[in-house]
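Colleague: Got a minute to walk me through this model? I'd like the reasoning along with the answers.

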Amino acid sequence: MQNRSQRLNQRLKAWQHNVASYAPVASGQLLRVVGLTLEAVGCRAAVGSLCAIDTLAGEILAEVVGFDDQLLYLMPIEEMKGVLPGAKVTPIGGRRGLAVGNALLGRVIDGNGEPIDGQGPLKTSQYAATSAPLLNPMVRRAISQPIDTGVRTINALLTVGQGQRMGLFAGSGVGKSVLLGMMTRGTNADVIVVGLVGERGREVKEFIEEILGPEGRARAVVVASPADNSPMMRLRACETSTRIAEYFRDCGRNVLLLMDSLTRYAQAQREIALAIGEPPATKGYPPSVFAKLPKLVERAGNGGPGQGSITAFYTVLTEGDDQQDPIADASRAILDGHIVLSRQLAESGHYPAIDIEASISRVMPMVTEQAHQMAAQMVKQLWSKYRQNQDLIAIGAYSKGSDPQVDKSIAMQPAFNAFLRQEMKRPATYTESLEQLARLAANCKV
C-alpha cells in the first residue's frame with residue numbers, strides 16, 4: 001500500500017512539473033512581420049489559440065498557426081494597421097464561444113459569428129464551442145429519404161438524400177449563386193445555413209436581397225467573408241457555417257448547408273500554410289489543404305438517434321473549366337456525388353445549366369423507387385443520344401430514319417428543354433418533379 005502511494009505521489013509531481021513548464025507566459029513581443037505572417041517571441045501559446053497584439057490603431061486579434069522553437073507564427077484575423085516592432089503580444093486563450101440559437105435566423109454574420117447586417121447584437125444567451133466532437137460513423141443514421149431542393153432537374157434526375165454531401169462544380173459566371181438561391185427558396189429543410197466565402201463583396205448583398213429574398217432569409221443564417229478578408233477569417237467562415245449547421249442538427253432539425261465555395265476554403269488554407277513555410281505539393285497546394293478538406297466535409301451528414309441532418313452542397317470553382325483541378329479532383333473523392341454546370345449550356349441561355357450527363361448522385365438508388373430510377377435513366381439516355389449526334393444534326397449530315405433513337409431524341413428536344421429549364425423564382429416541388437418526369441419518360445419510348 002505504501003509503495004502504491006509513493007508511485008502515485010511521484011506521478012502527481014511529474015504532472016505538476018509538466019503543467020508548470022507549459023504554463024502560458026503573460027506576454028511577449030512582436031519580432032517580425034512578413035506578408036501576413038506575424039512572428040512573436042517571449043510568450044507561450046498553443047496552436048489554434050488567440051493572441052492580442054497592441055497596435056497604434058488598438059488591439060488586433062491573431063491566431064497561432066505554428067511555431068519554431070521559441071518563435072510563434074501568428075496569422076491576423078482582422079486587418080493589420082499600425083503594427084510596430086516590439087509590439088506587445090498577449091495570449092488570451094482559446095477561441096471565444098459562438099453565439100447560437102433561433103436568434104441567428106434571418107441574420108448575417110462574419111467568420112467570428114459577429115453580426116454585420118446593422119440590426120444590432122444577437123439576442124441570445126446560448127453559446128457553443130467553436131468545434132464539436134466528431135460523430136462516430138457507426139452512430140450516424142443511414143440516408144433513407146430524399147430532400148426537396150426545389151430544382152426540378154435535381155429532384156427528378158439527380159435526387160439528393162437527406163444527409164447527403166454534394167459538390168456543385170462550375171467555372172465562374174455559369175449560375176452557381178442563382179442555383180443556390182433556387183434551393184433556398186424551394187427546399188423543405190427546416191433551417192438553411194449559407195456560407196459566402198471568398199466571393200466579391202458586392203455579391204453578398206445581391207445574394208441576400210435579390211437571390212435569397214425575404215422568404216428564404218427568414219429561415220436562413222448567412223455567414224459572409226468576402227475576398228478582401230484575411231485568409232484566417234475566410235477559413236473561420238467555413239468552419240463557423242458548419243458549426244452553426246451542427247448546432248441546429250443536434251437540436252433535431254433538418255439543415256440545408258450551402259457553402260460557396262470549398263475552393264476558397266482550400267485557397268485560404270494554402271495562403272496560411274505557404275506563409276509559415278509549409279512546402280507546396282500538388283499545383284502549389286500544400287499537403288495540409290488535402291487533410292483539412294475531408295475534416296470539414298465529414299462534419300455534415302445525418303446525426304445520431306434523436307438528431308436531425310445536414311444536407312450539404314459545396315460549390316467547387318473549376319478554374320478554366322478544368323474538371324481535373326486538384327481541389328475538384330479531391331472533392332469528388334470525398335463527396336456523395338457532383339452536379340456539373342456547363343458553360344456551353346449557360347451561354348445558350350439554358351438555366352439552370354446542369355449537365356445531366358456529367359452529373360451523378362451516388363445516393364439516388366437508396367432514396368428512390370425502381371420506377372423513378374428507370375424513368376430518369378430513360379430520359380438521360382435519350383438526352384445523351386442527341387448530344388452525341390448534335391454536330392451531325394446541326395450541319396445536316398444526319399439522315400432521318402437512320403437511327404430510331406436519334407429520331408426520337410430530336411423530336412423530344414422541345415420537351416426536354418422545357419423540363420430541364422426553370423425560372424429562378426418558380427420552385428418545383430419534389431412531387432411535381434416526379435409527376436413531370438413520369439409524363440416525359442412515357443413519351444420517350446421508341
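**Helix, strands and barrel**

Colleague: What should helix H11 span at 1.5 Å a residue?

Modeller: Helices here are DSSP runs of H or I with at least four residues, strands are E runs of at least two, and both are numbered from the N terminus. H11 covers residues 370-388, which makes 19 residues. The expected span is 1.5 Å times one less than the number of residues, and the end C-alpha atoms are 27 Å apart, so they agree with the expected 27 Å.

Colleague: And the ground rules?

Modeller: It's a predicted model, so local features need pLDDT of at least 70 and side-chain atom pairs pLDDT 80 or more, while totals for chains, interfaces and linings use all residues. Residues are numbered from 1 along each chain as its sequence is written, and side-chain values use heavy atoms, leaving out hydrogens and water.

Colleague: Which residues of E12 are buried on each side?

Modeller: In a regular strand, side chains alternate between the two faces of the sheet. Buried means under 20% relative accessible area (exposed is over 50%, partly exposed in between; 1.4 Å probe, protein chains only). One side has Ala 220, Val 222 and Ala 224, and the other has Val 221, Val 223 and Ser 225.

Colleague: Which residue in E12 is the bridge partner of Leu 196?

Modeller: Strands pair if DSSP finds at least two bridges between them. Six bridges join E11 (residues 191-197) to E12, running parallel. For Leu 196, the partner is Ala 224.

Colleague: In what order do the six strands close into a barrel?

Modeller: The pairing is antiparallel; for instance, six bridges join E3 to E4. The order is E1-E2-E5-E4-E3-E6.
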